[in-house]
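User: I'd like to go through the ligand sites in this one and see what backs up each label. Can you take my questions one by one?

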Amino acid sequence: MTERVDVHLDALTGLNAGMNARESVSCGSASGDNTFYLETFGCQMNAHDSEKVAGVLLGRGYRQVETIDAARLVLYNTCSIREKAAQKIYSRLGAYQKYPGDEKIIGVLGCLAQQEGEDIFERSPWVRLVCGSASYSKLPDLIEELERGNRRVMGLDKDTDATFETEITRRDNPFRAYLTIIEGCDKACSYCVVPFTRGPERSRSSASVLEETRRLADAGYSEIQLLGQTVNSYRDSSPRRMSFAELLVEVAAVPGIRRVRFTTSHPRDFGRDIVEAIDAVPGLCDHIHLPVQSGSTRVLRSMLRTYTREEYLEKIAMIREARRPISVTSDIIVGFPGETDEDVEETLSLLDVAQYDGVYAFQYSPRPNTSAQHMPDAIPEEEKGRRLARVLDRQREIQIVRNEALVGETFEVLVDGASRRAGQWAGHSSSNRILNFTSPQPGLLGQYVQVRVTRSAPNSLVGEHVV
Ligand code: SAH
Ligand code: SF4
Ligand code: F3S
């Protein structure tokens, strides 16, 4: 998931990032310097949390700046899904030793903050704010404490029922709006920090989701991406008790909304009603991200994923039976403790059967507070690397063939990127394929256009605007 966000934001380089921000006038900073810098790591949920944090700060009179040097308040919204992600953040924090005294206020937000807690103060004494995502509703108060001169403040409470809804969310992407419908995770995959770092599962009411969708449509958004670590485990907390599939249909019916995406779906809670909704409602995007993690039932059991290879493949078969072709993508972990060569073969053969349009594959990384952390039969790092390469190679072959078959097809694309070269554009299809295309027309950003595929690459398509 990490990579997916980066790719998307890259495509937007140069666009007005603060389009939806409401400027505010008064500033609460004691020093009079009201600048903040915010850097985000991790998944789309983190990216969206950062949009809310920025909204809160803008509402309090802060001004966002693009460089650390220009900022008084420096915030990192962090990820701890794998060891490397955590190391990257500690190395960023290490850079602050060079700043004397209180020149800057450094804050750590997000999953690493929740995971490490007070230890962050020990390891990086210049950090003054540590706050996990389950406590963001308290963030404005915490920042106020810092402004009043408190040396260190922490928000690590996970018992909160409150979702972090703000009056102002400063959205980065002017075309696709993220909207969290369910926070936290109640699954207990043995490798994963998320249930610990984001707390228990809690869903927003359907009324609140629909209300925000209407506001987004009024603000000019036509594409909504509903977010949740297990988005399809959604349980309406209001008396309407809408199912996830019903909510999808209602969100797509909001006037002005043209596309609705959702991520990430958990295979266990993935029912036929979701496929039927996609079949029935053209506004529901024909793309499902359905992470499998492994093709071996034995490994899946050890990962506590709660489904077998066969049960997973039944879900894929159900998706393939849809009247509309639906693009499917997945996540895979290689090198889980005890994974054998046969298990790897099973993952490779699952790739052949599932025929994904994209896969994010990762080397297993043991994480604190997870049940797999001390499992025996660890796989050596070099071997994990070899297994990762095998998975990526096999998937690349599959994507070459799948994408070649799309040459000559026409896709509707939401244009969300412009190249520096004149006449070159980029956009996403409903199936979430990236299309780079040429057009004689100017000013296409934010428009829906028809693009015919002329060439294919493993990870993207090249085409031309059908005028
Ligand atoms: N909620 C999503 C995934 C969230 S994390 C789901 O259930 O599918 C995104 C991906 O990171 C996971 O799908 C998994 O493939 C990977 N991941 C999570 N923990 C990991 C770990 N300890 N080591 C390596 N990859 C991991
Ligand atoms: Fe992690 Fe599993 Fe929850 Fe996904 S479903 S966030 S992998 S515990
Ligand atoms: Fe997301 Fe990373 Fe946290 S993937 S939920 S930011 S651990």
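Analyst: Sure, here is how the labels for the ligands and cysteines come about. Up front, this is a predicted model, where local features need pLDDT of at least 70, side-chain atom pairs count only at pLDDT 80 or more, and totals for chains, interfaces and linings use all residues. Residues are numbered from 1 along each chain as its sequence is written, chains are lettered from A and ligands numbered from 1 in the order in which they are written, and side-chain values use heavy atoms, with hydrogens and water left out.

User: Why is C192 called buried?

Analyst: Buried means under 20% relative accessible area (1.4 Å probe, protein chains only). C192 has 18% relative accessibility, so it counts as buried. C79, at 10%, counts as buried too.

User: What makes a residue part of the set around ligand 3?

Analyst: One of its heavy atoms has to lie within 4 Å of the ligand. C79 is on that list, along with C43, N46, T78, S80, I81, C111, V194, R198 and Q229. By class, this shell has 5 nonpolar, 4 polar and 1 charged residues.

User: And which residues are around ligand 2?

Analyst: Among them are C185, C189, C192, H266 and R305. That shell splits into 6 nonpolar, 3 polar and 2 charged residues. Cys counts as nonpolar in this scheme, Arg as charged.

User: How do you know how many disulfides there are?

Analyst: The test is a pair of cysteine sulfur atoms within 2.5 Å. The structure holds 0 disulfides, so no pair meets that cut-off.

User: What makes the approach of D331 to ligand 1 a polar contact?

Analyst: The cut-off is a pair of N or O atoms within 3.5 Å. A polar side-chain atom of D331 is 2.7 Å from an oxygen atom of ligand 1, so the pair qualifies. The side chain of R305 has an N or O atom 3.3 Å from an oxygen atom of ligand 1, and for Q229 a backbone N or O atom lies 2.7 Å from a nitrogen atom of that ligand.

Notes
Buried < 20%, exposed > 50% of the residue type's maximum accessible area, 1.4 Å probe, protein only. Polar contact = N/O pair within 3.5 Å; in protein donor to acceptor, adjacent residues only side chain to side chain.
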